[in-house]
Amino acid sequence: MLKEPTPAVSPTFPFRTTLSLESLIAYWRAGEESANQGIALLSRSVGQQVAAADWARGPITDLTLLECNCDLVETLMLAVFPPASFTTDIVGAITPFQRHSFYHTPRFAEVLLNASNSIKQPLNIDMRQLEVYTTRMAYQLILEKVYGVKLPLQGTIIFTVPDYSIGLYRHYGVEFNSTFLDVQLHGEKPELTPEQLDFLSRNPHRTELWLELLPPERFELVGFNILHLVDVTEQEILSELKYDLLERDVLQASDRLEQIQEKLRVLFGKPFLQLGIAAYDEKKKAFVDFGRKINHSFLTKQLHNPDASSGFRQIYSQLWQDRRPLVLEDVENADMPEDLRQQILSLGIRSAILALLPYGDDTVGLLELGSPNVGDLNEFSLENVNQFLPLFAVAVKRNAEDIQTRVQAIIKEKFTAIHPTMEWRFTDAAQNLLQKVEDGNRQAEMEDIVFHDVYPLHGSSDIRGSSTARNEAIQGDLIEHLTLAGKVLKKASEFQQLPILDELKFYTNKNLRRLRQGILTGDEVSIFESIRTEMEPLFEYLRQNTPELQPVIQQYWSHIDPELGILYKRRKAFEETTTLLNDAVSSYLDEEDAKAQQMFPHYFQRFKTDGVEHNIYVGAALVQDKPFDLVFLKNLRLWQLLVMVEITRRTAALKPTLPVPLDTTQLILIHSQPLSIRFRQDERQFDVDGAYNIRYEIIKKRIDKATIQGTGERLTQPGRIALVYSQQREADEYYEYIDYLQDRGLLEPEIEELELEELQGVKGLLALRVKVKLN
């Protein structure tokens, strides 16, 4: 339950303040001379009312005067509060930089005031922060009105306040308007030299300097402030979600997921909204339920019920085909499989939104939103969903990568030695730990192992169109398998009049028609399962009891892989192709790196996916008793470019011999700034260290999908090497290397200079692209 905030009282605000309406009255007096007759007439009328109200002139110390003369106050405030927006704006007038509002709109009172018209303490700002902020604003006003120096406005302050109507909170951007606030001097004006004024202007956060040079007892703030609030809940929540979902392990901690769920409740204004996330494991061809942590993953929970899998498959197929979120405004009456409906209703969900999480061309998971109220989630909710859907996709992808990293760390711990380049540093750390233990510190832990100022090199050799080729191979094998099965069923119908034969022929023809249009995730498993459990046992019965069918059944089995039990021609050819390409690239990289290690020791790492990526770190911190010079870095960069040229030529020469003629594309990421890498003891691997350096990792993960600005063409192309950079001096260095390789006859003479489309969270990238001479 939300608690009632206490009134915000500021006993230590250093300035004397006086509530006065004189500036507002002066505004109306000036209006009497206006050329606009309507304004002049209204201003004269206001002036007549003010002339009859002595209390309105001068300091106002008794706030009850404002309440007793509310008609005049409302008339004066027409200059500040437009009648047309009075019921919708969130605006209030307060005593100078204090907490009492003497005039305000209804929405201001609803959002920010307690019963005594005092401003509530925001949930996100403590008293000290608020005093510092208002003191700075007061000094900014003094500098402008007394010394004629206008400083840039401070950034917008955000108030987080409870919304008791729904039991949640909302965020409001707050603007302090001091139009009707004057500064009065007490005593002599403190003299400031131009240098002091400039120094204060450049140090707005050093409050102690301001207090010293401009003693607050010399100034009095007279008039009133205007507070204008704007609801920025949506922007703030989306910003917080971006920050949260970029953090490591955010999807594996139940308390963090609960926090994210709470923010989504605020975003939608639904206090009982539930969040569910399921990651899709491409290798297992299955969803991994995060529900063990947060206990509300609606769809994947029902996978534990074997009788309900068909309903889930149908919904997932619909999501895959439509490529847009599925809105179930009323689960009970929605068009959906009955088993799934009952499963969701049993969880107390009456309206829901289900959305695939896309990451590039892949689907990495499923996001689920549910509410116990019909209509809470509808088509209008999709506007918000589409804003944060990519954030969850990135988080799920990163979570999957982190899990894979942990798996690799275990493998490294059990089977792989530490990289020789860095072994000395681990030996030192182990010896230090042993010494601490022997000295009696039984709780000693391994010291941090960090290498500062190392230079990264990253390259990748990707197999172009591997996802499409894989799907086409699966599709082709399934079509041929079903066709062979269909021939057996058709022949069997000539000798046996069994209804099951007609039903299986219908199933076969239906799936053949659909497969020729495209393949869906799950088709491979579901079709094979039907053939294995329903068709092949029938074939065995027919073979034993109908001799005439033995030839066609024998022909069927002759096409089936005896070990896997499926038709495995095209998939086998595809896997052989990727293996040949990856092995060719990996073995060549390993051979060349062994030579490069002799030039200067460095950390080298490569790993295979649909292609081969490699990372290199080099610098003085990595080696012991060996001087490092930038010439070694330049040497490695040229070596890397030479290696990529040779990989391009080797894979192109290999293409005619491949079972599936696939191309490779080569990419190099240029990063000239040194960074730090830290050994993560829990993961047994190195990672970049520090928030600034994380941008390098983000770019690495996203540039493989980069496209050229204005054309949409993929940056990476067969027969070419793409070099991505962000600073011109990085390109200048590589122009020298390219010129050298062109002179050697390894590269074609043209160089493409390209600008890249903005990637998620990354913009301003440029690229060079060169063509390799393949003959």
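**Helix crossings and cores in a predicted model**

Me: In this predicted model, at roughly what angle do the axes of helix 22 and helix 24 cross?
Reply: Helix 22 covers residues 630-654 and helix 24 covers residues 728-743. Their axes come within 11 Å of each other, and the crossing angle is roughly 50 degrees.

Me: Is helix 22 roughly parallel or oblique to helix 24?
Reply: An angle counts as roughly parallel under 35 degrees and as roughly perpendicular from 65 to 115 degrees. The crossing here is at roughly 50 degrees, and therefore helix 22 is, with respect to helix 24, oblique.

Me: How many residues in the contact of helix 22 with helix 24 are nonpolar?
Reply: On the side of helix 22, the contact is made by residues including Leu638, Leu641 and Val645, while helix 24 contributes, among them, Tyr734, Ile738 and Leu741. Of the residues in this contact, 1 is polar and 3 are charged, whereas the number of nonpolar ones is 9.

Me: Is the relation of helix 17 to helix 19 roughly parallel or oblique?
Reply: The axes of helix 17 (residues 466-493) and helix 19 (residues 523-545) come within 11 Å and cross at roughly 25 degrees. Angles under 35 degrees count as roughly parallel. The two helices, helix 17 and helix 19, are therefore roughly parallel.

Me: Is the crossing of helix 17 and helix 19 left-handed or right-handed?
Reply: Residues that meet here include Leu478, Leu482 and Leu489 in helix 17, and Ile527, Ile531 and Phe539 in helix 19. The contact of helix 17 with helix 19 divides into 12 nonpolar, 1 polar and 3 charged residues. As for its handedness, the crossing of helix 17 and helix 19 is left-handed.

Me: Which helix gives the most residues to the largest nonpolar core?
Reply: The largest nonpolar core has 40 residues, and Leu112, Tyr147 and Leu214 are among those with the most contacts inside it. With 10 residues, covering part of the stretch 127-147, the helix that gives the most to this core is helix 6.

Me: Is Leu78 buried, partly exposed or exposed?
Reply: Leu78 lies in the loop between helix 4 (70-76) and strand 2 (90-94). Leaving aside neighbours within four places in sequence, Leu78 is in contact with Trp28 and Pro83. Buried means under 20% relative accessible area and exposed means over 50%; because the relative accessible area of Leu78 is 36%, this residue is partly exposed.

Note on methods:
Residues are numbered from 1 along each chain as its sequence is written. This is a predicted model: local features need pLDDT of at least 70, side-chain atom pairs count only at pLDDT 80 or more; totals for chains, interfaces and linings use all residues. Side-chain values use heavy atoms; hydrogens and water are left out. Axes are lines fitted to C-alpha atoms, for helices over the stretch in contact, and angles run from 0 to 180 degrees between N-to-C directions. Helices (H or I, at least four residues) and strands (E, at least two) are DSSP runs, numbered from the N terminus. Angles under 35 degrees count as roughly parallel, over 145 as roughly antiparallel, 65 to 115 as roughly perpendicular and the rest as oblique. Contact means heavy atoms within 4.5 Å. Ala, Val, Leu, Ile, Met, Phe, Trp, Tyr, Cys and Pro count as nonpolar, Asp, Glu, Lys and Arg as charged, and the others, Gly among them, as polar. A nonpolar core is a set of buried Ala, Val, Leu, Ile, Met, Phe, Trp, Tyr and Cys residues joined through side-chain atoms within 4.5 Å. Buried means under 20% relative accessible area, exposed over 50%, partly exposed in between (1.4 Å probe, protein chains only). A crossing is left-handed if the near helix is turned anticlockwise from the far one by less than a right angle, and right-handed if clockwise.
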